[in-house]
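Please find below a colleague's note, set out as numbered points for reading beside the structure.

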Amino acid sequence: MKYARLTKEQFEELHQEFINFLATQSITADEWEDIKKNKPEAAEQELDVFSDLVWYGVLSKVEYLEHISPNQIHLFKCRENDMHLIAIKLKEDKADLTTKEGFQWLRDNLLSDDIEFFNAKKDYSEDKHQDIFKLIQQGANITKGDLFQYFEKLIRQ
């Protein structure tokens with residue numbers, strides 16, 4: 001397995017897609033029940049393959065990621081050959097950036113010496129999707145990039 005098995009809830013959400021996946025392998029509902037009952041290791045393998053296919057599809061479409069912790073924000077733009085990172089770090093515990101109040105404090109104090117901005121580019125390893133997946137496993141969320149674009153404009157000025 002290359003990524004991670006989908007959760008029970010995710011499988012439930014993707015129930016129809018999983019049925020279609022089994023159908024592409026000429027596995028009927030009755031055959032699937034038989035596989036689960038009599039060949040659990042084969043069933044596990046099918047679940048893993050489907051999970052990897054779903055993850056690959058999701059990771060292929062990721063453009064932006066955000067990871068916000070109490071005193072840092074990491075914003076990623078996933079480009080073709082590399083990732084652009086904008087990082088914001090509080091020098092001291094002035095606010096908790098994971099809260100609405102903390103984020104408002106950041107907005108009100110953007111030019112303060114208490115805030116450091118970093119701008120970097122990182123090439124992907126040989127597996128772009130795995131690099132993105134690792135960031136998600138570490139707590140990054142897939143976004144539309146509004147925050148990244150906001151800070152990108154700020155940095156360019």
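1. Which residue in β2 is the bridge partner of Tyr64? The partner is Lys77. The model is a predicted one, and every remark in this note should be read with that in mind.

2. The pair just named belongs to the contact between β1 (residues 64-69) and β2 (residues 72-78), two strands that run antiparallel and are joined by six bridges. The connection from β1 to β2 is a hairpin with two residues as its link.

3. Strand β2 also pairs with β3 (residues 82-90), again in the antiparallel sense, and here there are seven bridges. Within this pairing, His74 is set opposite Ala87 of β3. A hairpin is formed by β2 and β3 as well, with three residues between the two strands.

4. One backbone angle deserves attention. Ser26 is not a glycine, yet its phi is positive, at about 60°. Most residues other than glycine have a negative phi. Ser26 is found in the loop that lies between α2 (15-24) and α3 (29-38). Is Ser26 buried or exposed? Its relative accessibility is 58%, and because the cut-off for exposed is over 50%, Ser26 counts as exposed.

5. The largest pocket has a volume of about 320 Å³. Its lining consists of 15 residues, of which His15, Phe18, Leu22, Trp32 and Lys36 are the closest to the centre. Four helices, namely α1 (8-13), α2, α3 and α4 (40-61), each contribute at least two residues to this lining. By class, the lining of the largest pocket comprises nine nonpolar, two polar and four charged residues.

6. The second largest pocket holds about 190 Å³ of space. Which elements each supply at least two residues of its lining? They are β3, β4 (115-123) and α6 (128-137). The largest share comes from β4, with four residues.

7. The residues that line the second largest pocket include Phe76, Met83 and Leu85, together with Lys121, Lys122, Asp123 and Tyr124. Also among them are Asp131, Lys134 and Leu135. Sorted by class, the lining of the second largest pocket has six nonpolar residues, one polar residue and five charged residues.

8. For inspection of the model, three places may be taken in turn: the hairpins that join β1 to β2 and β2 to β3, the loop position of Ser26, and the lining of the second largest pocket, to which β4 gives four residues.

Conventions
Residues are numbered from 1 along each chain as its sequence is written. This is a predicted model: local features need pLDDT of at least 70, side-chain atom pairs count only at pLDDT 80 or more; totals for chains, interfaces and linings use all residues. Side-chain values use heavy atoms; hydrogens and water are left out. Two strands pair if DSSP finds at least two bridges between them. Buried means under 20% relative accessible area, exposed over 50%, partly exposed in between (1.4 Å probe, protein chains only). On a 1 Å grid over the protein atoms alone, a cavity is a set of points where a 1.4 Å probe fits but cannot get out, and a pocket is an open set with protein on both sides within 12 Å along at least five of seven lines; lining residues have an atom within 4 Å of a point. Grid points are joined across faces, edges and corners, and a volume is the space filled by probe spheres set on the points. Ala, Val, Leu, Ile, Met, Phe, Trp, Tyr, Cys and Pro count as nonpolar, Asp, Glu, Lys and Arg as charged, and the others, Gly among them, as polar.
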